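Hi,

Here is the structure I said I would pass on. Have a look at it first, and then read my notes underneath.

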Amino acid sequence: MASQFTAWLRSPAAREYFFSTHFWGPVANWGLPLAALADLKKDEEIISGSMTTAMALYSTVFMRFAWRVQPRNYLLFACHLTNATAQTGQLFRFCNYHYFGGREKALGGAPKQATSA
């Protein structure tokens, strides 16, 4: 298996792949999921719900594109799968903080109680 891979690396097909946008586009795009993964450690207060939703939808659309394009671009698919997963995690953190009592817990106060009239 390793010798087959080594042989492929030395072939014109490998050079063609590594000098194409099919390779460099996804490599450049990996900045998005890496930033999203780094942001998972940051405070929920700074998460933008609208931007996180937009990024999750963007990556979902481009996952489909990467799967449908011929030949399939597995590197681009993995990039956007990682980003969509990280953005969805951020979206859960955002919703928990702003809508499900996370903010009150972080501030040390009691959660707001619904009043009945």
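Below is what turned up when I went through it, starting with the pocket and moving on to single residues.

One thing before the details: this is a predicted model.

**The pocket**

The largest pocket holds about 230 Å³ of space. Its lining is made up of 15 residues, and the ones nearest the centre are Ala36, Asp39, Thr52, Gln87 and Gln90. Three elements each give two or more residues to that lining: helix H4 (31-39), helix H5 (49-68) and helix H6 (74-99). H4 contributes the most, with four residues. If you are thinking about the chemistry of the walls, the split by class is seven nonpolar, four polar and four charged residues.

Gln90, one of the residues nearest the pocket centre, also turns up in a long-range pair with Lys42. The two are 48 residues apart in sequence, yet their C-alpha atoms are 9.9 Å apart in space. Lys42 sits in the loop between H4 and H5 and is partly exposed, because its relative accessibility is 43%, between the 20% and 50% cut-offs.

**Two buried polar side chains on H6**

Asn83 is in helix H6, and with a relative accessible area of 1% it is buried. What does the side chain of Asn83 join up with in a polar contact? The partner is the side chain of Ser59, at 2.6 Å. Beyond its neighbours up to four places away in sequence, Asn83 touches Leu32, Pro33, Ala36, Met55 and Ser59. Ala36 in that list is also one of the residues nearest the centre of the largest pocket.

His80 is found in H6 too. It counts as buried, since its relative accessibility is 1%, under the 20% cut-off. Its side chain makes a polar contact of 2.9 Å with the side chain of Asn29. Leaving out neighbours within four places in sequence, the contacts of His80 are Asn29, Tyr58, Ser59, Phe62 and Met63. So Ser59 is touched by Asn83 and is in contact with His80 as well.

**Helix H3**

Asn29, the partner of His80, belongs to helix H3 (residues 21-29), where Phe23, Pro26 and Asn29 are buried. Viewed down the axis of H3, these buried residues fall within an arc of 140°, so they line one face of the helix. Thr21 and Ala28 are exposed and sit on the face turned away from that buried side. The cover over the buried residues of H3 includes helix H2 (12-18), H4, H5 and H6.

**Phe18 on H2**

Phe18 lies in helix H2. Is Phe18 buried or partly exposed? At a relative accessible area of 29% it is partly exposed. Not counting residues up to four places away in sequence, Phe18 touches Trp8, Leu9, Phe23 and Trp24; Phe23 is one of the buried residues of H3. Phe18 and Phe77 are 59 residues apart in sequence, with 17 Å between their C-alpha atoms.

**A cis peptide bond**

Last, check the backbone in the loop between H5 and H6, where Pro71 is found. The peptide bond from Gln70 to Pro71 is cis, with omega near -5°. Most peptide bonds are trans.

Cheers

Definitions and conventions: Residues numbered from 1 in each chain as written. Predicted model: local features only at pLDDT ≥ 70, side-chain atom pairs only at ≥ 80, totals over all residues. Heavy atoms only, no water. 1 Å grid on protein atoms, 1.4 Å probe; cavity = no way out; pocket = protein on both sides within 12 Å on 5 of 7 lines; lining within 4 Å. Points joined across faces, edges and corners; volume = space filled by probe spheres on them. Nonpolar A, V, L, I, M, F, W, Y, C, P; charged D, E, K, R; others polar. Buried < 20%, exposed > 50% of the residue type's maximum accessible area, 1.4 Å probe, protein only. Polar contact = N/O pair within 3.5 Å; in protein donor to acceptor, adjacent residues only side chain to side chain. Contact = heavy atoms within 4.5 Å. Arc of directions from axis to C-beta.
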